[in-house]
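Subject: Handing over a structure

Dear colleague,

I am passing on the structure below, together with some notes on what was found in it. Please keep it open beside you as you read.

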Amino acid sequence: MKYIVVLGDGMADEPLAKLGGKTPLEYARTPNMDRMAREGACGMLRTIPDGYEAGSDIANMAVLGYAPEKYYTGRGPLEAMSMGIDLAPDDVAYRCNLVTVENHTMADFSGGHISSAEGKELFTSLQPEIPDVLVRAGVSYRNLLIIHGGEGATSTPPHDIVGQGIAPYLPKGKDAELLLQCMEKSRTVFDNHPVNRARVAAGKRPATQIWPWSGGCKPAFPLFEKKYGKKGGIISAVDLLKGIARCAGMEVITVPGATGYLDTDYEAKGKYALEAIKHLDFVYLHIEAPDEAGHLGSIEEKVKAIESVDGVVGMIHDGFDGVLVVLPDHPTPIRAKTHTRDPVPFVVRGKGKDGTSEFSEKAARSGSLGMKNAVGFLDFLFS
């Protein structure tokens with residue numbers, strides 16, 4: 001038996017008055033997910049363990065069966081693994097966003113969704129000014145900062161504080177003084193930088209500074225194939241998911257046109273999943289767009305992203321006869337513009353049938369598969 005999981009990041013939500021009391025998932029046209037519900041069975045999944053923030057790192061690790069309590073050290077080292085950086089035992093790697101701060105307020109956690117090329121230029125200018133750390137440009141606003149001999153610090157993810165003053169959320173802990181120095185230096189370097197001058201001239205937001213968060217040391221995962229006896233692969237444009245794949249010894253499948261944003265090539269991701277499952281036993285297809293729309297607080301973009309995910313589901317449904325699963329990793333409600341800890345709905349084709357007529361948060365709560373914990377989810381699928 002072969003398995004494909006289609007994960008729409010942040011796809012779950014709350015009822016919205018502007019949608020007549022429906023969630024975006026209920027409101028969107030999703031004939032393929034609904035067909036899966038009619039043909040299969042639904043349930044709910046707890047993806048965030050007690051005591052952990054509702055991050056995509058925590059949730060996706062849990063869905064893949066890696067208990068965050070045992071294996072999670074931070075988001076930064078997972079993204080370092082994705083970039084091919086072999087961290088030393090005493091290295092602390094931080095996720096490092098390019099952000100827009102205006103009047104001491106977090107205006108945009110993505111630096112106006114800055115391009116990878118622009119970000120690389122900014123980091124090239126910044127690195128000589130902060131020789132005590134290593135910065136590495138990643139994809140768009142998602143980058144990396146590494147402290148050799150680091151001791152750790154805590155700071156709030158920038159997507160959690162959009163529209164809020166940054167002062168209460170700055171880094172705290174043993175590495176905080178160095179991180180704050182780097183942040184201050186980035187403001188100086190980025191101010192009036194040619195990249196930002198061009199962005200402002202084009203009517204775009206400038207990336208005004210860096211924002212390091214979720215630091216940690218290199219994790220040690222058991223290999224996916226050893227854990228489950230199956231060869232697995234991950235498709236994602238997001239460094240975090242690629243890092244999890246590399247830690248777990250899974251194949252990283254790169255898709256041309258996959259951006260990790262609203263403009264990603266959905267069709268290409270579906271095609272690559274169908275091609276990959278020919279030589280793998282398990283494919284985890286991660287689609288970031290619904291989460292990005294949730295962080296933007298855009299109902300229209302979230303509905304559009306969900307409908308695009310449904311198109312991918314339809315392509316795979318028609319071209320694959322194994323076990324097919326659709327779920328989010330966590331909710332990213334339009335109201336909150338950030339992740340919440342609530343359980344998420346899932347639908348499975350190929351593990352029985354329960355008569356559910358559609359796929360939604362409400363419908364899945366009455367599904368026959370009940371409430372499950374994410375860490376045991378793949379054990380359930382593979383049983």
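The count of salt bridges comes to 16, where a salt bridge is a side-chain nitrogen of Lys or Arg within 4 Å of a carboxyl oxygen of Asp or Glu. Please bear in mind that this is a predicted model, in which local features need pLDDT of at least 70 and side-chain atom pairs count only at pLDDT 80 or more, while totals for chains, interfaces and linings use all residues. Residues are numbered from 1 along each chain as its sequence is written, and side-chain values use heavy atoms, with hydrogens and water left out.

As general background, side chains of opposite charge can pair when their charged atoms come close. One such pair is Arg75 and Glu79, whose side chains meet with N to O at 3.0 Å. Both belong to helix α5 (residues 75-82), where they are four residues apart, about one turn of the helix; helices here are DSSP runs of H or I with at least four residues, strands are runs of E with at least two, and both are numbered from the N terminus. Arg75 and Glu79 are both buried, a word that means under 20% relative accessible area, whereas exposed means over 50% and partly exposed lies in between (1.4 Å probe, protein chains only). Together with Arg95, these two residues are linked in a network of salt bridges.

Another salt bridge joins Glu102 and Arg205, at 4.0 Å from N to O. This pair links distant parts of the chain, since Glu102 is in strand β3 (residues 91-102) and Arg205 is in the loop between α8 (194-201) and β7 (209-216), 103 residues apart. Glu102 is partly exposed at 37% relative accessible area, and Arg205 is partly exposed at 35%. Lys278 also forms a salt bridge, with Glu275, and their closest N and O atoms are 3.1 Å apart; Lys278 is exposed at 60%, while Glu275 counts as partly exposed at 47%.

Turning to the interior, the largest nonpolar core has 44 residues, and those with the most contacts inside it are Val6, Met33, Ile316, Val326 and Phe359. Such a core is a set of buried Ala, Val, Leu, Ile, Met, Phe, Trp, Tyr and Cys residues joined through side-chain atoms within 4.5 Å. Among the elements that each supply at least two of its residues are β1 (3-8), α2 (31-39) and α13 (299-319), and α13 gives the most, with eight residues. If neighbours within four places in sequence are left aside, the residues in contact with Val6 include Leu285, Val313, Ile316 and Val326, contact meaning heavy atoms within 4.5 Å. A second, separate core of 41 residues includes Val63, Tyr71, Leu240 and Phe377.

In helix α6 (residues 116-126), the buried residues include Glu118, Leu122 and Phe123. Seen down the axis, the buried residues of α6 fall within an arc of 130 degrees, so they line one face of the helix; the arc is that of the directions from the helix axis to the C-beta atoms. On the other side of α6, Ala117, Lys120 and Thr124 are exposed.

Finally, most residues other than glycine have a negative phi. His104, in the loop between β3 and β4 (105-108), has a positive phi near 65 degrees, and this residue is exposed at 67%.

Best wishes
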